[in-house]
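Trainee: Could we go through this structure together? I want to know what stands behind each term.

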Amino acid sequence: MSPLENSSTLAARMGRWSARRRKTAIFGWLAFVAVAAVLGATLGTKQLDPADAAVGESKQAQEILATGGFADTADESVLVTSEAHMADDPAFRAVLADVVRAVSGRDGVSDVQPPLASEDGHAALVRFELADGEGEAVKLVEPVLHSLAAVQERHAGFRVEAFGDASAQLALEQTIAADFKRAEYTAVPVTLGILIVVFGALAAAAIPLLVGLSAVVAAISLLALPSRVFAMDEAASSVILLIGLAVSVDYSLFYLKREREERAAGRGEQAALAAAAATSGRAIVISGLTVIAAVAGMFFGGSAIWTSVAIGTILVVAIAVVGSLTVLPATLSWLGPRVEKGRIRLLSRRRGRGEARVWGDIVDRVLRRPAVSAALAGGLLLALAVPTVFMRTADTGIDALPRSLEIVRTYERLQAAFPGGPLPAVVAIEAADVAAPEVRAGIARLRTEAAANGLMGEPVTVRSSEDGRVALVSVPLAGNGYDETSAAALAALREAVIPATVGSLAGVKAAVTGPTALSEDFTALMNERMPLAMGFVLVFAFGLLLVAFRSIVIAVKAVLLNLLSVGSAYGILTLVFQDGHGEKALGFNSVGGITPWLPLFLFVVLFGLSMDYHVFILSRIREAYDGGLSTEAAVAHGIRTTAGTVSAAAFVMVAVFSIFI
């Protein structure tokens with residue numbers, strides 16, 4: 001018996017046990033997925049309240065508003081426009097009266113404001129609030145929109161349209177749901193098609209996909225358990241789908257390819273499985289731990305959103321590792337030669353003819369001139385990474401959405417008629433009595449100062465809580481809510497207007513929230529926490545690789561190459577999505593910045609997933625070196641035997657992720 005077949009590592013023992021007790025392993029896995037699905041459906045996953053996702057001063061403001069009951073409402077506006085009529089015309093007033101009646105009689109609607117005319121008189125705005133205690137505003141806004149559609153039908157020549165927190169969220173949810181449905185329908189066939197090309201057989205191609213999908217189902221279902229303590233952001237499920245499918249397919253691909261390779265070398269079925277468990281299985285464990293360590297960097301992001309995404313991703317990676325070490329070898333043992341069922345001879349011949357020769361030629365040329373090859377490849381990566389120095393983050397808001405969405409065109413018309421109106425800053429004021437003369441005088445001065453400042457405009461509105469302890473002041477900001485003009489207006493409000501008015505009163509607390517404030521505070525937090533998160537990931541990954549391979553050189557090389565990969569990705573993002581190079585060819589409009597959450601997310605995901613490839617290649621090189629080959633021969637052998645598989649795994653990821661474009 002060879003050392004590989006008698007390996008005592010955890011992965012090897014799990015693989016041998018699963019192969020011998022395949023029924024237990026297979027039915028145990030199916031039972032686990034079923035129990036997870038039932039548990040998730042029974043408990044339900046507690047969703048993160050948007051207020052809990054706020055950070056910095058925005059969070060303080062939302063906590064103040066919550067004590068006054070304002071956090072349970074969503075702002076909505078109805079824009080009425082006409083090119084032929086002015087707002088004070090009888091026909092225009094009739095439309096506005098119809099709008100007020102239509103929204104006033106609906107469940108959850110409150111605080112309907114008198115119509116406000118625009119400066120040119122051809123537009124008017126009706127504002128109101130929607131109850132949003134459990135995120136119900138999105139449901140409550142649907143009948144309101146139906147009523148407004150009826151108003152539109154009754155008044156030809158006028159445009160009646162809604163925009164606000166709930167109506168925008170509803171439009172986005174409907175669009176995203178349709179997009180994801182198309183993506184889901186496309187992702188599985190595309191992944192299966194690529195795997196068929198890789199393996200040349202239908203049965204072998206289906207195995208990684210089934211393992212991946214079952215791991216994703218189990219992880220999304222089990223989110224219900226940690227959500228009892230940490231509420232989950234809706235993005236967690238999407239990330240689980242992407243990362244879970246990617247790592248599961250990767251792990252299954254490497255395991256299955258190694259098992260096939262061992263059988264092709266003359267080993268029996270059980271011996272080939274044992275060898276795959278001892279080699280690829282061990283690499284899967286190391287890789288999984290490295291991915292988990294990288295994803296754990298999200299915990300340093302300082303936001304509840306990062307915590308929920310990190311928990312979900314760690315959960316699916318852990319499940320994928322366990323599935324790859326148990327149900328995968330059990331399935332391969334059960335199928336035996338039947339894993340080659342559905343073989344496509346043309347693909348098998350092409351794969352067998354071209355893979356070794358192509359990669360062998362590349363490796364031979366690289367190893368003949370390693371210094372030149374390293375300089376060229378490293379230089380290219382460094383050149384691509386240079387634009388990273390100029391990368392800036394900015395919440396692009398609604399500007400990042402396609403103009404094909406009706407809600408986006410509504411927003412643009414509303415913004416043109418009432419600058420700052422759709423996305424105002426919200427000043428939360430807390431006092432023993434907001435109706436006290438000095439507090440009312442301070443709020444009046446705030447309104448005056450805000451109106452007099454060129455960066456803020458009208459209408460500045462004030463509402464008080466029922467208990468009289470909290471006041472909400474809505475201040476429209478110049479700009480579109482997310483640009484530099486809006487950021488300057490917010491800074492002026494926070495640093496000049498408030499300190500000179502209500503902020504100077506004893507016993508009065510004031511803080512600012514709203515879309516602009518939420519964006520600026522989140523960006524500031526990301527800039528503060530990014531170095532800490534990156535440092536944790538680098539140190540932890542280095543330590544894991546050092547323990548796994550017992551080589552400082554290997555650990556340092558892997559970390560540096562991954563940093564180069566991340567830097568190159570940042571550079572390309574900056575060139576394309578920030579600076580707009582190639583935007584016409586790609587069919588989008590650049591928005592002048594990178595969304596604030598992307599750098600950290602990209603770093604941990606790319607670092608973790610790319611470590612998969614390093615670990616698998618290095619494991620094979622180390623195995624060859626321990627088997628007696630020289631360093632150069634071991635490198636050549638390791639890359640020749642893994643490069644095709646690594647490229648196939650990467651291509652699966654690229655193809656599946658590209659669907660989400």
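Mentor: Start with the fold as a whole. This is a predicted model. In the protein chain, residues 24 or more positions apart account for 77% of the contacts with a separation of 6 or more.

Trainee: What makes two residues a contact here?

Mentor: Their heavy atoms lie within 4.5 Å. Now the outline. The protein chain has 21 helices and nine strands. Its C-alpha atoms fill a box of roughly 90 × 50 × 45 Å along the principal axes.

Trainee: How many of the residues count as buried?

Mentor: Of 661 residues, 49% do. The cut-off for buried is under 20% relative accessible area.

Trainee: Why is α9 called roughly antiparallel to α20?

Mentor: Take the angle. The axes of α9 (residues 269-295) and α20 (residues 598-626) cross at roughly 155 degrees. Angles over 145 count as roughly antiparallel. So α9 is roughly antiparallel to α20.

Trainee: An angle alone can't describe the packing, can it? What else is needed?

Mentor: The distance between the axes is needed as well. Here the axes of α9 and α20 come within 8 Å. The crossing of α9 past α20 is right-handed.

Trainee: Which residues meet there?

Mentor: From α9, they include Ala283, Ile284 and Ser287. From α20, they include Phe607, Leu609 and Asp612. By class, the contact of α9 with α20 has twelve nonpolar, six polar and two charged residues.

Trainee: What makes a set of residues a nonpolar core?

Mentor: They are buried residues of the listed nonpolar kinds, joined through side-chain atoms within 4.5 Å. The largest such core in this model has 105 residues. Tyr251 and Met298 have the most contacts inside it. Helix α20 gives the most to this core, with 14 residues.

Trainee: What does Met298 touch?

Mentor: Leave out residues up to four places away in sequence, and Met298 touches Trp306, Val309, Ala310, Phe601, Val604 and Val605. Apart from that core lies another, of 27 residues, with Val427 and Leu490 among them.

Trainee: What stands out about the phi of Arg550?

Mentor: The phi of Arg550 is positive, about 55 degrees, although Arg550 is not a glycine. Most residues other than glycine have a negative phi.

Trainee: Where does Arg550 lie? And is it buried or exposed?

Mentor: Arg550 sits in the loop between α17 (515-549) and α18 (552-578). Its relative accessible area is 59%. Exposed means over 50%. Therefore Arg550 is exposed.

Technical notes. Residues are numbered from 1 along each chain as its sequence is written. This is a predicted model: local features need pLDDT of at least 70, side-chain atom pairs count only at pLDDT 80 or more; totals for chains, interfaces and linings use all residues. Side-chain values use heavy atoms; hydrogens and water are left out. Axes are lines fitted to C-alpha atoms, for helices over the stretch in contact, and angles run from 0 to 180 degrees between N-to-C directions. Helices (H or I, at least four residues) and strands (E, at least two) are DSSP runs, numbered from the N terminus. Angles under 35 degrees count as roughly parallel, over 145 as roughly antiparallel, 65 to 115 as roughly perpendicular and the rest as oblique. A crossing is left-handed if the near helix is turned anticlockwise from the far one by less than a right angle, and right-handed if clockwise. Ala, Val, Leu, Ile, Met, Phe, Trp, Tyr, Cys and Pro count as nonpolar, Asp, Glu, Lys and Arg as charged, and the others, Gly among them, as polar. Buried means under 20% relative accessible area, exposed over 50%, partly exposed in between (1.4 Å probe, protein chains only).
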